[in-house]
Amino acid sequence: MSSKITIKPSGFKYLIAALVILLIVYSFKLNSDYQKLEDAFSEQKLELQAELDEIIEDYKNVNVKNKDLSQRLVKEINKIILLRDSIKNLEKSNYNLIVKYSRKIVKLERENRRLFIQVDSLNKQNYELLQENIVVKQQLDENEESQKNLIRKNISLQQRQAQLKAKVDIAGVIKVSNIIAEAMKERSSGKLTNTSRSRRTDAFRVKFDLLANPVTTAGKKEILIQILDEEEKVIASKGSKAIKDGTNVFFSDNMFANYDNNRLGVVSLILVNRDDIKKGTYTINAYVDGTFSAKTQVKLR
């Protein structure tokens with residue numbers, strides 16, 4: 001025996017209404033989930049862009065003096081900017097690319113850490129080298145200043161030594177008494193007597209004393225006598241010698257005196273040719289131990 005189900009017209013209406021309500025609810029739920037997905041997509045895009053902006057800023061703040069590493073940083077920045085712009089222009093339908101780009105950013109951050117570690121290491125090395133250079137430069141400056149001070153001290157010492165030597169040299173000069181010079185003529189007996197006539201002059205006699213000087217060194221002292229006529233020609237020249245001031249002196253006589261720091265008399269007799277002696281004034285200069293000491297004049301008629 002079989003039974004048959006029959007739906008009344010009013011029941012069919014209720015069924016249709018229920019289905020419509022279910023479709024509305026499902027459509028609302030589907031739309032709500034889609035909206036949430038869109039919001040999540042937009043939020044994820046903004047997060048990825050912000051993260052890439054931070055990475056770009058980090059790269060720009062890195063100070064690298066190494067040329068190769070600096071070029072590498074510029075290349076990395078350009079690559080990150082391109083990735084950021086790609087995410088910015090990403091359509092909502094490409095949600096799966098968000099996951100792909102997220103993985104890229106994770107990989108990029110790992111590379112960044114390695115790169116920044118390398119940069120920090122190089123910067124640390126550069127800083128240490130800079131500090132070493134500063135220390136070395138300070139040491140060099142100190143050494144240079146020390147050398148300059150030493151040079152200044154040496155110069156000052158040399159100047160003081162030169163001044164002291166000059167004082168000693170001055171103190172060591174043997175002074176002489178007033179020098180006396182006379183023209184002499186030779187008599188038939190061979191005796192020499194004074195004369196004032198030029199045509200009778202056969203010799204010049206020069207006398208003076210070496211005065212006492214306890215400072216100078218005792219010993220043999222060379223004495224040069226020079227006779228000059230009015231034209232400054234040396235009479236009876238015997239040769240020339242350099243004195244302490246570097247001047248080359250032509251002399252009429254030279255002798256050595258055994259000086260013992262006490263007063264010592266000196267006499268020089270210089271023979272001349274009568275034919276070389278003319279009327280006029282003759283100058284007699286005396287040099288003792290390489291230094292000019294005194295002079296006098298003799299006038300002949």
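This report describes the secondary structure, aromatic pairs, surface charge and one loop residue of a predicted model.

**Overall architecture**

The chain contains three helices and 10 strands. Read from the N terminus, the elements follow the order α-α-α-β-β-β-β-β-β-β-β-β-β. Of its 301 residues, 28% count as buried.

**Aromatic pairs**

How many aromatic pairs does the count come to? The count is two aromatic pairs. In one of them, Phe 204 and Tyr 282 adopt a tilted arrangement, with 5.9 Å from centre to centre and 45° between the planes. Phe 204 belongs to strand β3 and Tyr 282 to strand β9 (residues 280-288), so this pair ties together parts that lie 78 residues apart in sequence. Phe 204 is buried, since its relative accessible area is 0%, and Tyr 282 is likewise buried, at 2%.

Tyr 287 and Phe 292 form an edge-to-face pair, with 5.5 Å from centre to centre and 70° between the planes. Is each partner of this pair buried or partly exposed? Tyr 287 has a relative accessible area of 11% and is therefore buried, as the limit for that class is under 20%. Phe 292, with a relative accessible area of 41%, is partly exposed.

The geometry of the pairs is set out below.

| Aromatic pair | Arrangement | Centre to centre | Angle between planes |
|---|---|---|---|
| Phe 204 and Tyr 282 | tilted | 5.9 Å | 45° |
| Tyr 287 and Phe 292 | edge-to-face | 5.5 Å | 70° |

**Positive surface patch**

Which residues gather in a patch of positive charge on the surface? The patch consists of Arg 197, Arg 199, Arg 200, Lys 279 and Arg 301. Within this group, Arg 200 is placed in the loop that joins β2 (192-194) to β3 (203-210). Strand β3 is also the strand that holds Phe 204 of the tilted pair. Arg 200 has a relative accessibility of 33% and so counts as partly exposed. That value also satisfies the patch criterion, because a patch residue must have over 30% relative accessible area.

**Lys 233 and its loop**

Lys 233 lies in the loop between β4 (219-228) and β5 (239-242). With a relative accessibility of 53%, Lys 233 counts as exposed, because that class begins over 50%. Lys 233 and Phe 250 are separated by 17 residues in sequence, and their C-alpha atoms are 9.6 Å apart in space.

Technical notes
Residues numbered from 1 in each chain as written. Predicted model: local features only at pLDDT ≥ 70, side-chain atom pairs only at ≥ 80, totals over all residues. Heavy atoms only, no water. Patch = residues over 30% accessible without salt bridge, like charges linked within 9 Å, V, L, I, M, F, W, Y side chains within 5 Å. Areas by Shrake-Rupley, 256 points an atom, 1.4 Å probe, with all protein chains shown as cover. Salt bridge = Lys/Arg side-chain N within 4 Å of Asp/Glu carboxyl O. Lys, Arg positive; Asp, Glu negative; His and termini not counted. Charge placed at Lys NZ, Arg CZ, Asp CG, Glu CD. Helix = DSSP H or I, 4+ residues; strand = E, 2+ residues; numbered from the N terminus. Buried < 20%, exposed > 50% of the residue type's maximum accessible area, 1.4 Å probe, protein only. Phe/Tyr/Trp six-rings, centres within 6.5 Å; stacked < 30°, edge-to-face > 60°.
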